[in-house]
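Visitor: Hello! I am new to this structure and would love a close look at one part of it. Could you pick a spot and walk me through it?

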Amino acid sequence: MNARRGIDAYLLPSMLSSFVGVAILLLATFLSVAPAFSADPAYVLGPGDKVRITVFGQEDLSGEFDVDAAGMLSLPLIQAVPAQGLTPQQVEKEIATKLEPDFLRNPRVNVEVLTYRPFYIYGEVLKPGGYPYVNEMTVHNAIALAGGFTYRARTSYVIIRRTKDGKVTEEEAKLDAKVAPGDVIEVRERYF
């Protein structure tokens, strides 16, 4: 009986300190995690984005909507609202302007991006294709989602094609470069 009490007296403080250490680690990890969608105020909407529109006090006009291939949002009462190339704040003003004269007085509208349009990766990766965009994504993250490099891949840089204001730009980028929604990433083959 005394031997058991000695073992318990030895193990209990050790287990307790381990538990406290794990709890502190989990708390630190939880506090350091950023919100899932900290939207960039300069982000412009495009086809494939999904947004939540809230018209305060109007449940029937609020909901989740997709930006269609033409860059429009189809909403109750006001139908098509242009969204492509506009920031969420600009779309809020556009919706409020369309609602105000005929349907509501001083409408308060909020537009929140729920899901960003996908990015695409091809070339010397194991699983080329389209993948969902995540905030703060880098080229390195994108390559990991695509299964990693093939043995023939050039691993020093990639080519990123990005559409902005209707123009397609192409640039070489390092693996720590940021990826934007809708980007097309090409991983080229090395020469030898």
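Guide: Happy to! Let us begin with Lys-127: once its neighbours within four places in sequence are left aside, this residue is in contact with Ala-146 and Gly-147. Please keep in mind that you are looking at a predicted model. To find the spot, look for the loop between strand 6 (119-123) and strand 7 (129-131), where Lys-127 lies. Leu-145 is worth finding too: from C-alpha to C-alpha, 8.2 Å separate Lys-127 and Leu-145 in space, while in sequence they are 18 residues apart.

Now let us step back to see the setting. The protein chain has 3 helices and 10 strands, and along the sequence they come in the order α-β-β-β-β-α-β-β-β-α-β-β-β. Of the contacts in the chain with a separation of 6 or more, 51% are between residues 24 or more positions apart. Among the 192 residues of the chain, 31% are buried. As for the outside, the chain exposes about 12600 Å², with carbon and sulfur atoms supplying 59% of that area.

There is one more place to visit, inside the protein. A search of the whole structure turns up 1 cavity of 30 Å³ or more, and the largest cavity has a volume of about 40 Å³. Its lining consists of Ile-53, Val-55, Leu-61, Leu-75, Pro-76, Ile-78, Ile-95 and Leu-99. By class, that makes 8 nonpolar residues, with no polar and no charged ones. Strand 1 (50-55) and helix 2 (88-99) each contribute at least two residues to this lining.

Conventions. Residues are numbered from 1 along each chain as its sequence is written. This is a predicted model: local features need pLDDT of at least 70, side-chain atom pairs count only at pLDDT 80 or more; totals for chains, interfaces and linings use all residues. Side-chain values use heavy atoms; hydrogens and water are left out. On a 1 Å grid over the protein atoms alone, a cavity is a set of points where a 1.4 Å probe fits but cannot get out, and a pocket is an open set with protein on both sides within 12 Å along at least five of seven lines; lining residues have an atom within 4 Å of a point. Grid points are joined across faces, edges and corners, and a volume is the space filled by probe spheres set on the points. Helices (H or I, at least four residues) and strands (E, at least two) are DSSP runs, numbered from the N terminus. Ala, Val, Leu, Ile, Met, Phe, Trp, Tyr, Cys and Pro count as nonpolar, Asp, Glu, Lys and Arg as charged, and the others, Gly among them, as polar. Contact means heavy atoms within 4.5 Å. Buried means under 20% relative accessible area, exposed over 50%, partly exposed in between (1.4 Å probe, protein chains only). Accessible areas come from the Shrake-Rupley method with a 1.4 Å probe; for residues, only the protein chains shown count as cover.
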